[in-house]
Each structure stands twice: as C-alpha cells, then as structure tokens.
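Me: I would like a close look at a single part of this protein, followed by an account of how other parts of the chain are arranged. Please give the reasoning wherever a classification rests on a cut-off.

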Amino acid sequence: MAAEALARLAGERVDHRFKGLPPDAMGLTVGELAAERRNLFTDGFATPVLALSAERLDHNLRLMETYAQRHGLAFAPHGKTSMAPQLFRRQIEHGAWGITLAVPHQVWVAREFGIRRVFLANELVDGAALRRLGADLAADPDFRFVCYVDSVRGVELMDAALEGAARPVDVVVELAAGKGARTGVRTEAECAAVADAVAAARALRLVGVAGYEGEVPGATPERVRAWLRRLVALAVDFDRAGRFADTDEIVVSAGGSAWFDAVAEVFAEIPDLSLPVLKLLRSGAYVSHDEGHYRRLTPFNRVPAEGALEPAFRLWTQVVSRPSAEQAFVNAGKRDAAYDLDLPLAQVVRRDGAERPASGIEVTALSDQHAWLRTAPGADLEVGDWVGLGLSHPCTSFDKWPLIPVAEADGTVVDYIRTFF
C-alpha cells in the first residue's frame, strides 16, 4: 500500500498547482520530469523556486539517526514540519520508530502513505476524528497510535466517542512545561486525576507520560533539565502506583529541535521500571534545518563533537527591479518564503552561470510577492540576476510549496518532494 501510494505521487501530472517548475514540463508526470534530471539553473526552472539540497538532506537524516542510536533513544520525528510522505519514508528508513503529528488530517495523510506508528503530540477530543481513528485501529492490527490527554473532561469525551471500539486508544498524560505554558496538566496531583479517569475509561489505555520542553518559560539548560526530571519522576510515580499494568512498555516522550541534548541527558537517567521504557524523541526541524532560528538554537551548538546539521533549503529568486543604488527587489515574498521568525537571508548571486557571495545585500522586508533588498555601496547586483535566499523556520517554508525540487550541488534535480498541508 505504501509503495503504491508513493508511486502515485510520481504519476501526478505537472500543472498549474506547482510553482517554479519548467513551463515546458507541463503535462509530464513528476516521475518523467525527475527522470530527465534537469538542471535547476539552466533547464527552464522559473523563479521563484524553492529547492532542497540532496546532499544536505541526506546528511541531516543520517546525523539524527546516529544521534538517536548513540543515546539509546527511539525517534519519532515531527512530521508537521514537512508533511511530505517521501520524507516520512526516508525518516523511517533511517531508523525512525514512527512519525509524530499534531492534528487528525496529518494522521490521515501519514496513514495513506503506510505509516504504521503515529504519536499525536496533541490532545484529540473531536468525535468524528476519534470514530475514524477507532475504525482504523480495528481494521489494521499493525497500526500503533498514541496521543496526549490533559483533562478529565477530555478523557470523558474520548471515551464517549470511542464507545464500542474494538481496540483501546493508547494515551499519555501530558505534563505542562510550567505556568503559562501551552497545553498539559499543571500539577502532579492533577496528572493523577487524569490517569484515574483513563483507568475508568473503557476505550483508553494509559501507556506513559509526555510533554514539550520547548514551552518551558524562560528556558535555560537548568530549567529544561529540571522540567524533564519532573516528567521522569511522574513516570516513576505512575509505575510504582501500578498505572501501566495494561501495557507492555512505558512511553516517556519529549524533545523538540532546540533541547534534544537535554532530553538525551535526562532520559539516560531513567531508572529501571517494571516494564521496558520507550524513550521517544520527537524533533522534526532537523530534516531541512535552517539559516536562522534553528541554526541559532540547535543543540549541536552545545555539543559540536556530535556533529552539525546543515541548512538544506534555498529559495532562488530573480532581481526584477533596481530602482536605485541602495535598493533592489526580487520576485519572491510572503507567499514564497518563511517570515514568521526571521526574514530570509541573501546568500549568493548567480549571473551567467557564475555564483558569488551576496556581499552587501540584505533583505529588509517582504511584500506578498516581493522581497525588499538593501544594497550597500558597490554591491554588484543587476536586473535579471538570481539571488539565493536562506530561510528560517522549516515549518513555514515547506507549507508554501506543494512540490519541491531536490537538487544536487551542481544543480541536477534528482527528485521532487510532494507536501500535503
């Protein structure tokens, strides 16, 4: 089923839905276009066009696979970053336990493409979605699904929607990261009350605890580790109270893209419990990394001996206006580039097949379809030049591009990544 679904992606026709592709490729299938191995710079691709580096993508996949193995962590990378089933499949091939997701639609996408283990890092109380989930679990004995719970009311809504379900839904109690944080139970006493409600529910099974350390207020290494130790202590207390008697392993899960070194450190301290422990890391932004937010925050800055992620995105734009010596405009804006955390970064300029650093060129603002460039005295930039932009925040880069070329260092496009947002 998964192979057939992925094959159908290659059978999609190139048409108006997909930005930046060569106009003369219209009518080809994606697979046929990929087989032509066109060059991003010389074979008709139209600006703006977002590309992923084939080499850097492969590097990042291998690096996190190695990191998780080295630290004894199971890995369920957050799929909401890319919503790209081809990347989900590559993550699984690189040792991922499963895929983390955030909302039901994302689960249905993953299931369509054969993902058998899903960790929903969110509460799920929608009746229609729960009924479909119950049917999916009944139809596929190999489908493993785990989601958060953080309230007695939520547990009751889930149990009512799942009445008569053939298999229970596995849940983990979400511990909030602190006062003013996002979702999650605020105190250990309230966690116990939610766990009691799960025990009384016929359609649910408590399998562990989880949370998101990225929401720790005023996060520092010390505060993040302190919260992670609270999470571990909660798992230990639940185990001692016999709350995991109905499962065969205990799930303890955390880990975004900014603090996975702290997760590895604290999860290594988990004592022996009554059952095996699935130490589940959920970092997602690593797959493409970025040139801004995560480049600053990545834990590999703190543990350089363990390697370094490489930014894999580049948005290729073209100078369409040069109204003054201090200003230029390229043809990509908010519809094309992530801008919620940082503006794009001008990196390189291409002219007549030659590439050079974008010295003296800065992106200062974005309109819907233009980036505003400030050019320093002497900056060599002309109308028609291609400008390669680095992007910040992968999650809002992927979602603007339904089909993304994957290019090797010389510009040869070897694949196309389909996204589903």
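Reply:
**From one helix residue to the whole chain**

Thr 66 is located in helix H3, which covers residues 54–70. The model is a predicted one, and every value below is computed from it. With a relative accessible area of 34%, Thr 66 is classed as partly exposed, because that class lies between the limits of 20% for buried and 50% for exposed residues. A separation of 28 residues in sequence lies between Thr 66 and His 94, and their C-alpha atoms are 8.9 Å apart in space.

A second helix position may be set beside this one. Ala 5 belongs to helix H1, residues 2–10. Its relative accessible area is 1%, and Ala 5 is therefore buried. Once neighbours within four places in sequence are set aside, Ala 5 has contacts with Glu 112 and Phe 113. Val 383 stands 378 residues from Ala 5 along the chain, and the two C-alpha atoms are separated by 43 Å.

These positions belong to a protein with 12 helices and 18 strands. The radius of gyration is 23 Å, close to the 22 Å expected from the globule rule for 421 residues, so the protein is as compact as a globular protein of that length. Along the principal axes, the C-alpha atoms occupy a box of roughly 70 × 45 × 35 Å. Buried residues make up 56% of the 421. Among contacts with a separation of 6 or more, 69% join residues 24 or more positions apart. The accessible surface amounts to about 17,200 Å², and carbon and sulfur atoms contribute 50% of it. The protein has 46 positive and 57 negative charges, and the mean positions of the two sets lie 2 Å apart.

The aromatic residues give an example of links across the sequence. The structure contains 13 aromatic pairs. One of them joins Phe 41 and Trp 386: the ring centres are 6.0 Å apart and the planes meet at 65°, so this pair is edge-to-face. Phe 41 sits in the loop between helix H2 (30–35) and strand S1 (49–53), while Trp 386 belongs to strand S16 (residues 386–390); the pair therefore ties together parts that are 345 residues apart in sequence. Trp 386 has a relative accessible area of 13% and so counts as buried.

Trp 386 also pairs with Trp 316. Here the centres are 6.1 Å apart and the planes are at 45°, so the pair is tilted. This pair again links distant parts of the chain, with Trp 316 in strand S10 (residues 313–324) and Trp 386 in strand S16, 70 residues apart. Trp 316 and Trp 386 are both buried. Through these ring pairs, Phe 41, Trp 316 and Trp 386 form a cluster.

Thr 317 shares strand S10 as its location. Its relative accessibility is 0%, so Thr 317 counts as buried. With residues up to four places away in sequence left out, Thr 317 touches Thr 47, Val 330, Asn 331, Ala 332, Asp 385, Trp 386, Val 387 and Leu 389. Trp 386, a member of the aromatic cluster, is thus also among the residues touched by Thr 317.

Thr 47, another of the residues touched by Thr 317, leads to the backbone of the loop that holds Phe 41. The peptide bond from Thr 47 to Pro 48 is cis, with omega near -5°. Pro 48 is placed in the loop between H2 and S1. Arg 37 is in the loop between H2 and S1 as well. For Arg 37, phi is near 50°, which is a positive value in a residue other than glycine. Arg 37 is partly exposed, since its relative accessible area is 45%.

A positive phi is also found at Asp 352, at about 55°, although Asp 352 is not a glycine. Asp 352 is part of the loop between strand S12 (345–351) and strand S13 (354–357). Its relative accessible area is 78%, and Asp 352 is therefore exposed.

To return to the starting point, Thr 66 in helix H3 is partly exposed, whereas Ala 5 in helix H1 is buried.

Note on methods
Residues are numbered from 1 along each chain as its sequence is written. This is a predicted model: local features need pLDDT of at least 70, side-chain atom pairs count only at pLDDT 80 or more; totals for chains, interfaces and linings use all residues. Side-chain values use heavy atoms; hydrogens and water are left out. Helices (H or I, at least four residues) and strands (E, at least two) are DSSP runs, numbered from the N terminus. The radius of gyration is taken over C-alpha atoms; the globule rule is 2.2 Å times the number of residues to the power 0.38. Buried means under 20% relative accessible area, exposed over 50%, partly exposed in between (1.4 Å probe, protein chains only). Contact means heavy atoms within 4.5 Å. Accessible areas come from the Shrake-Rupley method with a 1.4 Å probe; for residues, only the protein chains shown count as cover. Lys and Arg count as positive and Asp and Glu as negative; His and the chain ends are not counted. The place of a charge is taken as NZ of Lys, CZ of Arg, CG of Asp or CD of Glu. Rings of Phe, Tyr and Trp (its six-membered ring) pair if their centres lie within 6.5 Å; planes under 30 degrees apart count as stacked, over 60 as edge-to-face and the rest as tilted.
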